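User: I would like to learn how to read a helical protein model step by step. Could you take me through its features, giving the general idea before each case?

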Amino acid sequence: SLMDWPIEELETHFRELGLTRQQAMIAALLARKTPDTTICDNLNISPSTLKTHIRNILQKMKCKSIEDVLQKADSSGFFYYMEKVKERQAQKNQPLE
């Protein structure tokens, strides 16, 4: 689930999907279910600016809702791939018995 990923990795993934740095950060925060008011406070933007960013995110990702954006990001295979890489790294770091 997107909730389990570090915010930096979420942001990187959204950047790879074509979002600007600010849009990627907003998408990452929304993926972590961060309330709009907290996003506005953290990024020092107004609620109307946040709405504009969200509208632009939807447009760029050709989605009708932020839930669609998150589903698209989750189904892109990136997170599955990263999980497998982490598992392999963990196995390599295991001491031999």
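User: Among contacts between residues at least 6 apart in sequence, what percentage join residues at least 24 apart?

Analyst: The idea here is to ask how far along the chain the partners of a contact lie, and in this predicted model the share is 51% of the contacts between residues at least 6 apart in sequence. As background to that figure, the secondary structure comes to 6 helices and 0 strands, so the pattern read along the sequence is α-α-α-α-α-α, and buried residues make up 36% of the 97 residues in the protein.

User: How many residues does the largest nonpolar core have, and which of them have the most contacts inside it?

Analyst: A core is read by looking for buried nonpolar residues joined through their side-chain atoms. The largest one here has 26 residues, and those with the most contacts inside it are F14, L19, I26, L50, I54, I57 and V69. At least two residues of this core are supplied by each of α1 (7-16), α2 (21-31), α3 (36-43), α4 (47-60) and α5 (66-74), while the largest share, 8 residues, comes from α2.

User: Is helix α2 largely enclosed or largely open?

Analyst: To judge a helix, one counts how many of its residues fall under 20% relative accessible area, which is the cut-off for buried. In α2, 9 of the 11 residues are buried, and therefore this helix is largely enclosed by the rest of the structure. The buried residues are Q23, A24, M25, I26, A27, A28, L29, L30 and A31, and what covers them includes α1, α3, α4 and α5. Just after α2, K33 takes a positive phi of about 60°.

User: Which residues does I26 touch, leaving out those up to four places away in sequence?

Analyst: For a single residue, one reads its accessibility together with its partners. I26, found in helix α2, is buried with a relative accessible area of 0%, and it touches I39, L43, I45, L50, H53, I54 and I57, not counting residues up to four places away in sequence. Of these partners, H53 is 27 residues from I26 in sequence, yet the two are 7.8 Å apart in space, C-alpha to C-alpha. L50 can be read in the same manner, since its own partners, under that exclusion of residues up to four places away in sequence, are I26, D36, I39, C40 and I45.

User: Is Q22 buried, partly exposed or exposed?

Analyst: Q22 also lies in helix α2, but at 29% relative accessibility this residue counts as partly exposed. Q22 touches L43, I45 and H53, again not counting residues up to four places away in sequence. The C-alpha atoms of Q22 and H53 are 8.1 Å apart, although 31 residues separate the pair in sequence.

User: At what angle do the axes of α1 and α2 cross?

Analyst: A helix pair is read from its angle, its handedness and the residues that meet. The axes of α1 and α2 come within 8 Å and cross at roughly 130°, which makes α1 oblique to α2, and the crossing is right-handed. On the α1 side the contact is made by I7, L10, E11, F14 and R15, and on the α2 side by R21, A24, M25, A27, A28, L29 and A31. Sorted by class, this contact has 9 nonpolar, no polar and 3 charged residues.

User: Which residues of α2 and α3 meet?

Analyst: The residues in question are Q22, M25, I26, L29 and L30 in α2, which meet D36, I39 and L43 in α3. By class, the contact has 6 nonpolar, 1 polar and 1 charged residues. The axes of α2 and α3 come within 10 Å and cross at roughly 145°, and α2 passes α3 in a right-handed crossing.

User: Where are N44 and K62 found?

Analyst: Both can be read through the backbone angle phi, together with location and exposure. N44 is found in the loop between α3 and α4; its phi is near 55°, a positive value in a residue other than glycine, and at 71% relative accessibility N44 counts as exposed. K62 has its place in the loop between α4 and α5, where it has a positive phi of about 55° although it is not a glycine, and K62 is exposed, with a relative accessible area of 72%.

Key: Residues are numbered from 1 along each chain as its sequence is written. This is a predicted model: local features need pLDDT of at least 70, side-chain atom pairs count only at pLDDT 80 or more; totals for chains, interfaces and linings use all residues. Side-chain values use heavy atoms; hydrogens and water are left out. A nonpolar core is a set of buried Ala, Val, Leu, Ile, Met, Phe, Trp, Tyr and Cys residues joined through side-chain atoms within 4.5 Å. Buried means under 20% relative accessible area, exposed over 50%, partly exposed in between (1.4 Å probe, protein chains only). Helices (H or I, at least four residues) and strands (E, at least two) are DSSP runs, numbered from the N terminus. Contact means heavy atoms within 4.5 Å. Axes are lines fitted to C-alpha atoms, for helices over the stretch in contact, and angles run from 0 to 180 degrees between N-to-C directions. Angles under 35 degrees count as roughly parallel, over 145 as roughly antiparallel, 65 to 115 as roughly perpendicular and the rest as oblique. A crossing is left-handed if the near helix is turned anticlockwise from the far one by less than a right angle, and right-handed if clockwise. Ala, Val, Leu, Ile, Met, Phe, Trp, Tyr, Cys and Pro count as nonpolar, Asp, Glu, Lys and Arg as charged, and the others, Gly among them, as polar.
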